[in-house]
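Here's a quick walk through a protein model, starting with the whole chain and then zooming in on one spot where two elements meet. Have the viewer open as you read.

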Amino acid sequence: MKMLLAIINSDDAPSVMGNLMKQGYQITKLATTGGFLRAGNVTILIGLEEEQLERALSIIRTYSSSRKQVIPTTAEMGMGFYPTLPVEVEVGGATVFVLGVERFEKL
């Protein structure tokens, strides 16, 4: 048995979760915040058998896409913050961890 932990951009999360559930995956959703952009994410947990893993990864890959976004930056100069040029960053996509499960019990 495996535990799939996927951190997904909030914009992509509804389609990822909806398509996983359509395929019969039971998921647990956690609202999380990324540290770099301080943007909303969704972390989903899925307990699954080894043979279900590739299909789940395929669904996540299909419905979570990375894209470029321009964000404002600020610089601190003495007593205050001053705007600087915007920066283009890549957002979206998914970060996925697959963990081995030593024991599973549904109580």
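## The overall picture

In this predicted model, 66% of the contacts in the protein with a separation of 6 or more are between residues 24 or more positions apart. As for what's in there, the protein has two helices and eight strands. Read from the N terminus, the order of elements is β-α-β-β-α-β-β-β-β-β.

Of the 107 residues in the protein, 26% are buried. The accessible surface adds up to about 7500 Å², with 55% of that belonging to carbon and sulfur atoms.

## Where the two helices meet

A bit of background: a pair of packed helices is described by the angle between their axes and by the distance between those axes. Here, helix α1 covers residues 13-22 and helix α2 covers residues 53-63. Their axes come within 9 Å and cross at roughly 150 degrees. Angles over 145 degrees count as roughly antiparallel, so α1 is roughly antiparallel to α2. The crossing of α1 and α2 is right-handed.

Which residues make the contact? On the α1 side they are Ser15, Val16, Asn19 and Leu20, and on the α2 side Ala56, Ile59, Ile60 and Tyr63. Sorted by class, the contact of α1 with α2 has six nonpolar residues, two polar ones and no charged ones.

## Two residues from that contact

Asn19 and Tyr63 both take part in the helix contact, and they're worth clicking on. Asn19 sits in helix α1, while Tyr63 belongs to helix α2. Is each of them buried or partly exposed? The table has the values.

| Residue | Relative accessible area | Status |
|---|---|---|
| Asn19 | 17% | buried |
| Tyr63 | 34% | partly exposed |

The cut-off explains the first row: buried means under 20% relative accessible area, so Asn19, at 17%, is buried. Tyr63, at 34%, is partly exposed because that value falls between the 20% and 50% limits.

Now for their partners. Not counting residues up to four places away in sequence, Asn19 touches Ile59 and Tyr63. With neighbours within four places in sequence left aside, Tyr63 is in contact with Asp12, Ser15, Val16 and Asn19. So what is the C-alpha separation of Tyr63 and Ala13? These two are 50 residues apart along the chain, and their C-alpha atoms are separated by 8.3 Å.

Definitions and conventions:
Residues are numbered from 1 along each chain as its sequence is written. This is a predicted model: local features need pLDDT of at least 70, side-chain atom pairs count only at pLDDT 80 or more; totals for chains, interfaces and linings use all residues. Side-chain values use heavy atoms; hydrogens and water are left out. Axes are lines fitted to C-alpha atoms, for helices over the stretch in contact, and angles run from 0 to 180 degrees between N-to-C directions. Helices (H or I, at least four residues) and strands (E, at least two) are DSSP runs, numbered from the N terminus. Angles under 35 degrees count as roughly parallel, over 145 as roughly antiparallel, 65 to 115 as roughly perpendicular and the rest as oblique. A crossing is left-handed if the near helix is turned anticlockwise from the far one by less than a right angle, and right-handed if clockwise. Contact means heavy atoms within 4.5 Å. Ala, Val, Leu, Ile, Met, Phe, Trp, Tyr, Cys and Pro count as nonpolar, Asp, Glu, Lys and Arg as charged, and the others, Gly among them, as polar. Buried means under 20% relative accessible area, exposed over 50%, partly exposed in between (1.4 Å probe, protein chains only). Accessible areas come from the Shrake-Rupley method with a 1.4 Å probe; for residues, only the protein chains shown count as cover.
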